[in-house]
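Trainee: Please give me a close look at the interior of this protein, going residue by residue where that helps. I should also be grateful if each term were explained when it first appears.

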Amino acid sequence: MRVSQLLTTTLREAPREAEERSHELLLRAGFIRQLTAGVYSYLPLGNRVLRNIMQIVREEMDRIGGQEVILPMLQPEEIWDQRPASGGPSRLELYGPVLFRLQDRKERAMVIAPTHEEVSALLAKEFLRSYRDLPQMLYQFQVKLRDEPRPRGGLLRVREFLMKDLYSFDADQAGLDRSFERVKGAYQAIFRRCGLDFLSVQADSGVIGGKESLEFVAITDAGEDTILKCDTCDYAANQEKAEFVRTALPEELALPLEEVHTPGCMAISDLVAYLNIPEAKTMKVVCYVASGRMVLVVVRGDLEVNEVKLTNTLNRAGVNATDLHLATPEELAREGIIAGYTSPLQKDEHILIIADTSLQQGNNFVAGANRVDYHVQHVNYPRDFRVDLWADIASAYDQATCTFCGGTLHAFRGCELGHIFKIGTRYAEMFDVSYLDAEGNARLIQMGSYGIGIGRLMALIVEQQHDDKGIIWPLQIAPYQIALLGLDLDKTGSIAEQLYADLTAAGLSVLFDDRAETAGVKFNDADLIGLSLRVVVSKRSLKNGGVELKWRARKESSIVPIAEAVQAIRDALQEKGSL
Ligand SMILES: [Zn+2]
């Protein structure tokens, strides 16, 4: 490909909309353009990167027995409007406004699917009838849509995205466990081949469902997830799931309740400074509303409420938490709750009180007096207040203690690369997806769901692999293997053209900078675009004995004679495992 003909243009300055480094570099180097919030075009360079990533993913999916399909993006809403047999909300309710919905001309309600468990379960129902048909894996590459409330700049959180999703079908739990392990191995191979620094961590199963899920996370400060990893055992988990030990507090003799004047102490930080006590001696109360019911959430003052853990706790307790939100001033007023001075004391039975297990450590806490500028000291459970539900609803934090070994958890920023789920029989129960076992008994099929965001993978490679000049693509991912720079083309043009023709004829992919630009512009653009091997034909290189070869990631270069250039380049690429 000639740069003079390539549909792209490099930008010298970072566009104002760029938030993360990957976003800035992919825009400046001409890989992507934004159409509207969270919606992007992939330009020819970007599309070639996607194709290379997809090729790696396809090879690894085929290797474990995946069969590629294309499932419909447009789906009737009714298949999303099924409640699980075990109770709880439908996916239509779980997704809420994140799901793009529309009507066809016959006014039939349709959705644009962000994931394909329903459709693949329905296919399994039709085609997998006998134990002899199992196990089975189907996968696809498809553009998906999610109406994210806060799409971020760049490809890290978008509304339209290319995804590889795979669905496994097994006869029993042991089979599902085996499929899960195979896909896990394939995902690790994919991320390694993409040159990524990643962790696999336990995560919340969210809207997909199932008891067990594993998330693959790229370590990057641009990530929105917090990952906790133990420094002693192999425990690692997303903060929305991470377990940790509540630090013990000494038990004191329970003292009588005592109201104290605490002017202007609405925040825990003000309160502890004013009373000169540790945060752990206070109670933090956060008021939520779920399904129209006030939910008072209490954690020890040194901890934070984790909304994902809270949502799961509520759903498990049979309270539909799909509309969970912080209580509005009106909702607080209706219950007579004073913001900033709330406590679980003297609350009516219709208010649901959920407390974190941290409050089982320590006593004589300070809590709000439910009137402005006053708190109550020496609050003790169960003497002074009731708890409807004890649960793990607090966020793990850096330096917390590991539940499994007593080691120390360390916090990292990360971004999800992929997520794999053991769903079990949720969809099989919903759509009656069963098979006949060897004895002729009908049994439910066990399902797994496995996803990788391809565009996000591209962004995360850039996020991890760049320098101040631009992107440094791994050779297998780069849009072209070779950046051929022709300098002083009026003198060297015929040699550069011949080398371009020879390299292309040798089956190599070459981006030939044949523009009438200065050497500085061409070098800068080559570094920005980030192809792995740079080959320069210039008056100087010819005077030095041939063409100059330089790897993007290295400083030193070498000269090879023109007659040997094609072979030398082939050898260099072969050494890197690209041929
Ligand atoms: Zn541990």
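Mentor: The answer begins with the whole chain and then turns to its interior.

The model is predicted, and local features need pLDDT of at least 70, while side-chain atom pairs count only at pLDDT 80 or more and totals for chains, interfaces and linings use all residues. Residues are numbered from 1 along each chain as its sequence is written.

Along the principal axes, the C-alpha atoms occupy a box of roughly 95 × 70 × 50 Å. The protein has 14 helices and 31 strands; these are DSSP runs numbered from the N terminus, with helices being H or I of at least four residues and strands E of at least two. Three domains are assigned: domain 1 (21-242 + 411-462), domain 2 (258-391) and domain 3 (480-575). Their bounds come from an automatic or database domain assignment. Between the C-alpha centres of domain 2 and domain 3 there are 66 Å.

Of the 579 residues, 42% are buried. A residue is buried if 20 or more other C-beta atoms, placed from the backbone, lie within 10 Å of its own, exposed if 12 or fewer do, and partly exposed in between. A nonpolar core is a set of buried Ala, Val, Leu, Ile, Met, Phe, Trp, Tyr and Cys residues joined through C-beta atoms within 7 Å.

The largest such core contains 113 residues, and those with the most contacts inside it are Leu417, Ile482, Leu484 and Leu531. This core takes at least three residues from each of domain 1 and domain 3. Apart from it lies another core, of 29 residues, including Leu271, Tyr341, Ala355 and Phe365.

Which residues does Leu531 touch, not counting those up to four places away in sequence? They are Trp473, Ala478, Tyr480, Ile482, Ala483, Leu511, Ala526 and Arg552. Contact here requires C-beta atoms, placed from the backbone, to lie within 7 Å. Among contacts between residues at least 6 apart in sequence, 72% join residues at least 24 apart.

Two further residues show what burial looks like at a single position. Leu310, in helix α7 (residues 307-316), is buried because 24 other C-beta atoms lie within 10 Å. Leaving aside neighbours within four places in sequence, Leu310 is in contact with Val297, Val305 and Ile393. The C-alpha atoms of Leu310 and Ala391 are 8.4 Å apart, although 81 residues separate the two along the chain.

Arg426 lies in helix α9 (residues 426-431) and counts as buried because it has 23 C-beta neighbours inside 10 Å. With residues up to four places away in sequence left out, Arg426 touches Pro84, Gly209 and Gly210.

Gln346 and Asp488 provide a contrast in burial. Gln346, in the loop between α8 (329-334) and β17 (352-356), counts as exposed because it has 9 C-beta neighbours inside 10 Å. Asp488, in the loop between β27 (482-486) and α11 (489-505), is partly exposed because 15 other C-beta atoms lie within 10 Å.

Conventions:
Contact = placed C-beta atoms within 7 Å.
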